[in-house]
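User: Could you take a close look at one small spot in this model for me, and then show me how it compares with another part? I'm new to this, so please walk me through it.

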Amino acid sequence: MPPPPIRRIVVDAPHQPVEAPPLNGHVPAAKRARPRSSGQGPQRMRTEALTIAYGEKVAVNNVSLPVFQGEVLALIGPSGCGKTTLLRSLNRLVELTPGAARGGKIALDDADVDGIEVTTLRRQISMVFQQPNPFPMSIFDNVAYALREQGSRRVKRAALEAPVREALTRAGLWDEVKDDLDRPALRMSGGQQQRLCIARALAARPEVLLLDEPCSALDPRSTTIIEELILDLREELAVVIVTHNLQQAYRIADRVAFMFLGELVEYGPAEEVFERPQHTRTADYVGGVFG
Ligand SMILES: Nc1ncnc2c1ncn2[C@@H]1O[C@H](COP(=O)(O)OP(=O)(O)OP(=O)(O)O)[C@@H](O)[C@H]1O
């Protein structure tokens, strides 16, 4: 099947195109470090009419959204619009919240996620959280943990060295930690800890990487390193990131989904959503009015 073209979704009646103010004046196009994806990757996931409620509170309302391999999809929108709920629904983490209920469908490679054993699903769709959360064990064991969980619990350390090294290399951390693998992970810097969490997520060889504001607790240098890393990883994965940082979304996203009060208001290539938004609400948000 030919890859689907990049297209835009504008929910609600399309408004007159509006001129968006620059992104708080901080993000000239030249800041974009790498070309955006050509949009040729296969579709990895999709939600169809996804609705999630916490009791009476509808947090995500009727959202249909594709996720493509080789791309970074950024979920943006004002606080409380449902970004994290949507992200956590993709690997069924949201089900762990008491009172949460879901309607609609989520598919991974055309398979309904409800039919995939949940541990397997969470290996295929790994998640990295806002606060780095390494386990209280060594750097090596943090990454090896994911491998041991995959059924090789009794495998000797020597057999895990190559995959641990590979995951740390992919997470851009190997050179910094290779002589210190037995150091407690909790003694690393915040930025290193977050990259370790990414390495741990990658060790499970996921198809989709979910990132929930992964840089919000980090300094600018660590943020730049992780943004570069996300752009590298996008070659082999589908990446979905929730971010409040519009400059970050502009820098790294190939496509952007703007949510408001649980609804998907606008979705499309990042440049279009930021520079030529079709919806007044999107224009107001990317212009810094909301949020
Ligand atoms: N456990 C919960 N129980 C009840 N309501 C919840 C729960 N978690 C989230 N909500 C509500 O669901 C809505 C969406 O929340 P969510 O955290 O998904 O939004 P968000 O866009 O990620 O917000 P933020 O940007 O502030 O993290 C909000 O109104 C929130 O108050």
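Analyst: Let's begin at Glu-213, keeping in mind that this is a predicted model. Glu-213 counts as partly exposed, because it has 19 C-beta neighbours inside 10 Å, and a residue needs 20 or more to be called buried. You'll find Glu-213 in the loop that links strand S8 (208-212) and helix H7 (220-233). Its backbone has a twist to look out for: phi is positive, about 45 degrees, even though Glu-213 is not a glycine.

Now hop over to Asp-110. Here too phi is positive, at about 70 degrees, and Asp-110 is not a glycine either. Asp-110 also sits in a loop, this time between S5 and S6. Asp-110 is exposed, because just 9 other C-beta atoms lie within 10 Å and the cut-off for exposed is 12 or fewer.

That loop takes us to the sheet. S5 and S6 belong to an open, four-stranded sheet with the order S3-S2-S5-S6 and antiparallel pairing. At the edges you have strand S3 (57-68) and strand S6 (111-112), each with a pairing partner on one side only. Further in, strand S2 (residues 43-54) and strand S5 (residues 100-108) run antiparallel and are joined by eight bridges. If you want one bridge to find on screen, try Ile-52, whose partner in S5 is Arg-102. Finally, look for helix H1 (residues 83-90), which packs on this sheet and touches S2, S3 and S5. The direction of H1 makes about 60 degrees with that of S3.

Note on methods: Residues numbered from 1 in each chain as written. Predicted model: local features only at pLDDT ≥ 70, side-chain atom pairs only at ≥ 80, totals over all residues. Pairing = 2+ DSSP bridges. Helix = DSSP H or I, 4+ residues; strand = E, 2+ residues; numbered from the N terminus. Contact = placed C-beta atoms within 7 Å. Axes fitted to C-alpha atoms, helices over the stretch in contact; angles between N-to-C directions.
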